[in-house]
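Trainee: Please take a close look at the cysteines in this model and at the parts of the chain around them. I would like one connected account rather than a list.

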Amino acid sequence: VLTGSLDQCRLGLLTRTFTLRKNDQVLQTCAQTIRFQPDQPFSEDMIIYPRDTTFTNSACTIFDLHPDSLAAGYGRPLITDDGVCNKVGSSYEDDIYNFAGNGACFKVVRHWTVINWCSRDQQGLFWQDSFDQVLVVMNTIAPKITSDTNTKEVCSNRADCTPERIILKASATDLCTPTNELRWTWEITYE
């Protein structure tokens, strides 16, 4: 007969009861209790956190930096040995800092938390560890002007020298910056 139970972490007690019978008569009974417990405590040494990195001309948005989209070693924490008596999970929150200039587009500070749902600390809280990963996105490819860049010369043929109306338009594209966020400078010269 088997009694007892294991919890979701595969911890607990099981008792096996052996009964020796002869002709429906119990001659002897023996119970064996088996305790299931972790063979080693879970620790931060069993976690390899993702490395900091800079992406140059290879990422443009926060969606490009999803942990499942990144190469090994840069995506999610790697749990090297969680054993059979642990339930380890990880989660993250991103803080995004937008920049302009020097090729930097934005920086992400990814706050990782690893929790072992089968281990508690001395205060009775689930075991957890935290780590910050820094991801920087750079773009060194200049925007491309897509409109006509030829010099425009306008002469006023009016005898009274009143101004002529001129409409100047320009357009451009960029690998990472939406067109409505591009910053423009222009110069008008009088000759």
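Mentor: Cys85 is buried, because its relative accessibility is 9% and the cut-off for buried is under 20%. The model is a predicted one, and in it Cys85 has no bonded partner: the closest cysteine sulfur belongs to Cys118 and lies 7.9 Å away, which is too far for a bond. A disulfide requires sulfur atoms within 2.5 Å. Cys105 is buried as well, with a relative accessible area of 17%.

The count of disulfides by this rule is one. The disulfide is formed by Cys9 and Cys118, with 1.8 Å between their sulfur atoms. The angle about the S-S bond is -85°, and the link of Cys9 and Cys118 is left-handed. Cys9 sits in the loop between E1 and E2, while Cys118 belongs to strand E8, residues 104–120, so the disulfide ties together parts that are 109 residues apart in sequence. Both Cys9 and Cys118 are buried.

On the Cys9 side, the local frame is a hairpin of E1 and E2 with five residues between the two strands. Arg10, in the turn, has a positive phi of about 65°. E1 and strand E2, residues 12–22, run antiparallel and are joined by five bridges. Two of the facing positions can be named: Leu2 stands opposite Arg16 in E2, and Ser5 stands opposite Leu13 in E2. E1 has five residues and the number buried among them is zero, so the strand lies largely in the open. Cys9, in the loop that follows, is buried.

The hairpin is part of an open sheet of three strands, in the order E1-E2-E3 with antiparallel pairing. Its edge strands are E1 (2–6) and E3 (25–36), each of which pairs on one side only. From one strand to the next, the twist averages 15°.

On the Cys118 side, the residue to look at is Trp117, which is also found in strand E8. Trp117 counts as partly exposed, because its relative accessibility is 44% and that class covers values between 20% and 50%. In a regular strand, side chains alternate between the two faces of the sheet. Leaving out neighbours within four places in sequence, Trp117 is in contact with Cys9, Lys87 and Phe126. Cys9 is therefore bonded to Cys118 and also in contact with Trp117. Trp117 and Gln128 are eleven residues apart along the chain, and their C-alpha atoms are separated by 8.8 Å.

Strand E8 belongs to another open sheet, this one of four strands in the order E5-E9-E8-E7, with mixed pairing. The edge strands here are E5 (53–56) and E7 (88–98), and each pairs on one side only. The twist averages 20° from one strand to the next. The disulfide thus links the loop between E1 and E2 to strand E8, and E8 is a member of the four-strand sheet.

At one edge of that sheet, E5 pairs with strand E9, residues 126–138, in the parallel sense over four bridges. Thr54 stands opposite Val136 in E9. Thr53 is also in strand E5 and is buried, with a relative accessible area of 19%. Apart from residues up to four places away in sequence, Thr53 touches Tyr74, Val134, Leu135 and Val136.

For the setting as a whole, the protein chain has zero helices and eleven strands. Its C-alpha atoms fill a box of roughly 130 × 30 × 25 Å along the principal axes. The radius of gyration is 34 Å, whereas a compact globule of 191 residues would have one near 16 Å. Buried residues are 23% of the 191 in the protein chain; Cys9 and Cys118 are among the buried residues, as is Cys85. Of the contacts between residues at least 6 apart in sequence, 53% join residues at least 24 apart. The accessible surface of the protein chain is about 14500 Å², and 50% of that area belongs to carbon and sulfur atoms.

Note on methods. Residues numbered from 1 in each chain as written. Predicted model: local features only at pLDDT ≥ 70, side-chain atom pairs only at ≥ 80, totals over all residues. Heavy atoms only, no water. Pairing = 2+ DSSP bridges. Axes fitted to C-alpha atoms, helices over the stretch in contact; angles between N-to-C directions. Buried < 20%, exposed > 50% of the residue type's maximum accessible area, 1.4 Å probe, protein only. Contact = heavy atoms within 4.5 Å. Rg over C-alpha atoms; globule rule 2.2 N^0.38 Å. Areas by Shrake-Rupley, 256 points an atom, 1.4 Å probe, with all protein chains shown as cover.
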